[in-house]
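Open the structure in your viewer and keep the selection panel at hand. The tour goes stop by stop.

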Amino acid sequence: MPRAPSHDPIGTAVDPAGLRAEVRAKYRDVVLHPDIGFHFHTGCALALRCRYDMAGVDALPPAAVESFAGVANPFELRPIPAGARVVDVGSGAGFDSFTAARAVGRSGRVIGVDMTPEMLAKAQANAQVLQRDNVEFRDGLTESLPIEDGWADVVISNGVFNLCADKRAVFDEVMRVLRPGGVLQFADIANGRPVPEEALRHIDLWTG
């Protein structure tokens, strides 16, 4: 069963609820105004920069690509096998979920989890356009995934873990939903040097 988010996350300096509110606001803009420009790359240009299979990208409707806001390509780490059950943590408008759904085929299944209502609505609309019956999207937090224990063969994520205050809770959840021998494939941002305490407490620095 999903775990309840920690009220006093171990080792976190920023308010988790406040950080989530800021992240939701930022990615609401990515959904509603994908062309205004952000401090991070988005859309088809980002997919090309991250070395995605552009034939697969071109097969997606524009609405499934324009709000893509990852940091790299988790599929470069290892091919997703046909028939696999995949969880996409922080699935956004569905770009990586649809990429995974194409890989697993009709015998596999993909569940995307996101906490931003506008992203979920866009992902669900894109799934209807694509008529993909092997992918679904659920409302949930990275620290409390709405997925049963041991369900997933593979967990993917793209630029999401760095936006979570309680990293231990995130990895605990990933391990909970993976079956024994399952695989985590994620792309993210990591700091190479210690971050000053005052910076850790500055929410704008987390989202910026």
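This is a predicted model. Begin with the empty space inside. A search of the whole structure finds two cavities of 30 Å³ or more. The largest has a volume of about 470 Å³.

**Stop 1: the largest cavity**

Select Gly90, Ser91, Gly92, Asp114 and Val160. Of the 33 residues that line the largest cavity, these lie nearest its centre. Now colour by element. Helix 1, strand 1 (85-89), helix 5 (95-104) and strand 2 (109-114) each give two or more residues to this lining. Which element gives the most? Helix 1 does, with five residues. Colour the lining by class next: 17 residues are nonpolar, 11 are polar and five are charged.

**Stop 2: helix 1 against helix 6**

Stay with helix 1 and select residues 16-32. Add helix 6, residues 117-130. The two helices pack at an angle of about 35°, and their axes are 8 Å apart. Show side chains at the contact. Helix 1 brings Tyr27, Arg28, Val30 and Val31. Helix 6 answers with Glu118, Met119 and Lys122. By class, this contact of helix 1 with helix 6 has four nonpolar and three charged residues, and no polar ones.

**Stop 3: the sheet**

Hide the helices and show the strands. You have an open sheet of five strands, in the order 3-2-1-4-5, with parallel pairing. Which strands stand at the edges? They are strand 3 (135-139) and strand 5. Each has a single partner strand, so one side of each is left without a neighbour in the sheet. Look along the sheet for its twist, which averages 20° from one strand to the next.

**Stop 4: strands 4 and 5**

Zoom in on strand 4 (residues 152-158) and strand 5 (residues 178-187). They pair in the parallel sense over six bridges. Pick Ala152: its bridge partner in strand 5 is Leu178. Then pick Val154, which stands opposite Val183 in strand 5.

**Stop 5: helices on the sheet**

Bring the helices back. Select helix 7, residues 167-177. With strand 4 and strand 5, helix 7 makes a right-handed β-α-β unit. Helix 7 packs on the sheet and touches strand 4 and strand 5. The direction of helix 7 makes about 135° with that of strand 5.

Finish with helix 5. It lies across strand 1, strand 2, strand 3 and strand 4. Against strand 2, helix 5 runs at about 170°. You met helix 5 at the first stop too, among the elements that line the largest cavity.

Conventions: Residues are numbered from 1 along each chain as its sequence is written. This is a predicted model: local features need pLDDT of at least 70, side-chain atom pairs count only at pLDDT 80 or more; totals for chains, interfaces and linings use all residues. Side-chain values use heavy atoms; hydrogens and water are left out. Axes are lines fitted to C-alpha atoms, for helices over the stretch in contact, and angles run from 0 to 180 degrees between N-to-C directions. Helices (H or I, at least four residues) and strands (E, at least two) are DSSP runs, numbered from the N terminus. Contact means heavy atoms within 4.5 Å. Ala, Val, Leu, Ile, Met, Phe, Trp, Tyr, Cys and Pro count as nonpolar, Asp, Glu, Lys and Arg as charged, and the others, Gly among them, as polar. On a 1 Å grid over the protein atoms alone, a cavity is a set of points where a 1.4 Å probe fits but cannot get out, and a pocket is an open set with protein on both sides within 12 Å along at least five of seven lines; lining residues have an atom within 4 Å of a point. Grid points are joined across faces, edges and corners, and a volume is the space filled by probe spheres set on the points. Two strands pair if DSSP finds at least two bridges between them. A crossover is right-handed if, with the strands pointing away from the viewer, the path from the first strand over the helix to the second runs clockwise.
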